[in-house]
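The following paragraphs lead the reader through one protein chain, from its helices to individual residues. Please keep the sequence and the structure in view while reading.

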Amino acid sequence: MRRLVVIVALALLTGLSGTAAAATPRTSLDAVQRDVMCVSCGVPLNTAESPQADRERAFIADLVGRGLTKQQILDRLVDEYGPNVLAMPKGDGFGKAAYLVPIAAVLAAIALLAVVLPRWRRRRAAGPGAVADPLTEGAELSDDDARRLDADLARYEV
């Protein structure tokens, strides 16, 4: 009877440890490569083709084989290669600027269009005569100039 209790207890413990292992999020080499840069090339690891990239992939594959989670692997990579190995910028200093500058540029472009576009549409709707031509503005022909122009045009008419 004791043996039966021990066997059932061991089975339960093995089953529970298997459940705990299944609940631990596992990752893959491909999942980590998307978030990591090759430290020598400066390109994402999943597209890099260099000896350093191969060493990083081997390091990641070893960590994946040990059953580490994605975050644990990323932490180990930062310890091994420094913060430049991460593809995502940090949330402070220059890392914030990497997020905020493009957003600010898009907002500035939208604001510029909001100001310029209505003015452009009003000018266009007013017709071609609404915009003054600086070459002909205020220039009127005298009677002599008008006669010479008519004579010149008459010579070229067929």
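The buried residues of helix α4 are covered by elements that include α2 and α3. The model under discussion is a predicted one, and this helix is a convenient place from which to explore it. In α4, the buried residues are Ile73, Leu74 and Leu77. They occupy an arc of only 100° around the axis, and therefore lie on the same side of α4. The helix itself consists of twelve residues, and the distance from its first C-alpha to its last is 16 Å, close to the 16 Å expected at 1.5 Å a residue. Just after α4 comes Gly82, with a positive phi of about 95°.

The wider setting may now be described. The protein chain contains six helices and zero strands, so that the order of elements from the N terminus reads α-α-α-α-α-α. Of the 158 residues in the protein chain, 16% are buried. Among the contacts in the protein chain with a separation of 6 or more, 44% are between residues 24 or more positions apart.

Helix α3 is one of the elements that cover the buried residues of α4. Helix α3 comprises 15 residues, 51-65, which should span 21 Å at 1.5 Å a residue; its end C-alpha atoms are 21 Å apart, in agreement with that expectation. Which residues of α3 are buried? They are Gln52, Ala53, Glu56, Arg57, Ile60, Leu63 and Val64. Viewed down the axis of α3, these buried residues fall within an arc of 135°, and they therefore line one face of the helix. On the other side of α3, Pro51 and Gly65 are exposed. The buried residues of α3 pack against α2, residues 29-33, and against α4, residues 70-81. Gly67 follows α3 and has a positive phi, near 90°.

How do α3 and α4 meet? Their axes come within 10 Å and cross at roughly 140°. This angle makes α3 oblique to α4, because only angles over 145 degrees count as roughly antiparallel. The crossing in which α3 passes α4 is right-handed. On the α3 side, the contact is made by Gln52, Arg55, Glu56, Phe59, Ile60, Leu63 and Val64. On the α4 side, it is made by Ile73, Arg76, Leu77, Glu80 and Tyr81. Two of the α4 residues named here, Ile73 and Leu77, also appear among the buried residues of α4.

Within α3, Arg57 merits individual attention. Arg57 is located in helix α3. Is this residue buried or exposed? Arg57 has a relative accessible area of 17% and is therefore buried, since buried means under 20% relative accessible area. Leaving aside residues up to four places away in sequence, Arg57 touches Leu29, Gln33, Leu45 and Ala48.

One of these partners, Leu45, is found in the loop between α2 and α3. Its relative accessibility is 0%, and Leu45 therefore counts as buried. Apart from residues up to four places away in sequence, Leu45 touches Gln33, Val36, Met37, Cys38, Ala53, Glu56, Arg57 and Ile60. Among these, Ala53, Glu56, Arg57 and Ile60 are buried residues of α3. Leu45 and Asp35 are ten residues apart along the chain, and their C-alpha atoms are separated by 8.0 Å.

The loop between α2 and α3 also contains Glu49. With a relative accessibility of 77%, Glu49 counts as exposed, because exposed means over 50%. Glu49 lies eleven residues from Cys38 in sequence, and the two are 8.9 Å apart in space, C-alpha to C-alpha.

A further loop, between α1 (2-23) and α2, holds Thr27. The relative accessible area of Thr27 is 15%, and the residue is therefore buried. Excluding residues up to four places away in sequence, Thr27 touches Val32, Val64, Leu68, Thr69, Lys70 and Ile73. Of these partners, Val64 is one of the buried residues of α3, and Ile73 is one of the buried residues of α4. The route thus returns to the pair of helices α3 and α4, whose contact includes Val64 and Ile73.

Technical notes:
Residues numbered from 1 in each chain as written. Predicted model: local features only at pLDDT ≥ 70, side-chain atom pairs only at ≥ 80, totals over all residues. Heavy atoms only, no water. Helix = DSSP H or I, 4+ residues; strand = E, 2+ residues; numbered from the N terminus. Expected span 1.5 Å × (residues − 1). Buried < 20%, exposed > 50% of the residue type's maximum accessible area, 1.4 Å probe, protein only. Arc of directions from axis to C-beta. Contact = heavy atoms within 4.5 Å. Axes fitted to C-alpha atoms, helices over the stretch in contact; angles between N-to-C directions. Parallel < 35°, antiparallel > 145°, perpendicular 65-115°, else oblique. Left-handed = near helix turned anticlockwise from the far one by under 90°.
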